[in-house]
Amino acid sequence: ARSWCRYEDIVNLRDHHRSHRDIISFSNRHFYRGALRIATDHERLKRPRAEEGEPQGPAVRWRDVKGKVIRPPGGGALNGPEAEAILAEVRKLVVERGYNGAIGVVTPFRAQANRIRTLVHQDRELSHRLAALQFVVDTVHGFQGDERDVIFFSPVVSVGVNENTLRFLK
């Protein structure tokens, strides 16, 4: 897009208010060359409390889920074990720990979003609790510009992923 306009017409984002410092620091370093001013009001974020006896962890966590990528008839990609792991983590956070902030699940693939949404609806207790928490499951494109206190990311990539899927992700 930069090649289509004059340098003086480019407007860059300078202040960022939407993400925890641990999250936006990656983009700041790799895409903004450190020019971004992080202005997030951390007091406003509803971070989940640490479990009893444990220190507050980092804002970004990775849980490696082994699974298998399949291509459903409608296209896209789906990783059932990963979708089930997302459901289990959301259930643990909301039902077992009583978290009451806004929650979102983001994935690159519509089939994965649909599978996670179906799993949530099949769990009556979790579905009922999430209805009051601005819960959203959507693709990266569908979620664009939205925000939640806690985001789960389901990349789907695992055993069985094909080159077209990886190319789409890149």
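This passage walks through helix α2 and the strand pair β5 and β7 in a predicted model.

Residues are numbered from 1 along each chain as its sequence is written, and side-chain values use heavy atoms, with hydrogens and water left out. Since the model is predicted, local features need pLDDT of at least 70 and side-chain atom pairs count only at pLDDT 80 or more, while totals for chains, interfaces and linings use all residues. As for pLDDT (the predictor's confidence in each residue, from 0 to 100), the chain averages 86, and 95% of its residues reach 70 or more.

Helix α2 runs over residues 80–96; helices here are DSSP runs of H or I with at least four residues, and strands are runs of E with at least two, numbered from the N terminus. Its 17 residues reach 23 Å from first C-alpha to last, close to the 24 Å expected at 1.5 Å a residue (that is, 1.5 Å times one less than the number of residues). At the start of α2, a side-chain oxygen of Asn79 comes to within 3.1 Å of the backbone nitrogen of Glu82. Just past the other end, Gly98 has a positive phi of about 70 degrees.

Buried residues of α2 (under 20% relative accessible area, 1.4 Å probe, protein chains only) include Ile86, Leu87, Val90 and Leu93. The helix's buried residues pack against β4, β5, α3, α4 and β7.

Two of those strands, β5 and β7, pair up in the parallel sense over four bridges (pairing takes at least two DSSP bridges). Gly104 has Ile151 of β7 as its bridge partner. Along β7, Val150 and Phe152 point to one face and are buried, whereas Ile151 and Phe153 point to the other and are not.

Definitions and conventions:
Buried means under 20% relative accessible area, exposed over 50%, partly exposed in between (1.4 Å probe, protein chains only). Contact means heavy atoms within 4.5 Å. A polar contact is a pair of N or O atoms within 3.5 Å; within protein, one must be able to donate a hydrogen and the other to accept it, and residues adjacent in sequence count only if both atoms are side-chain atoms.
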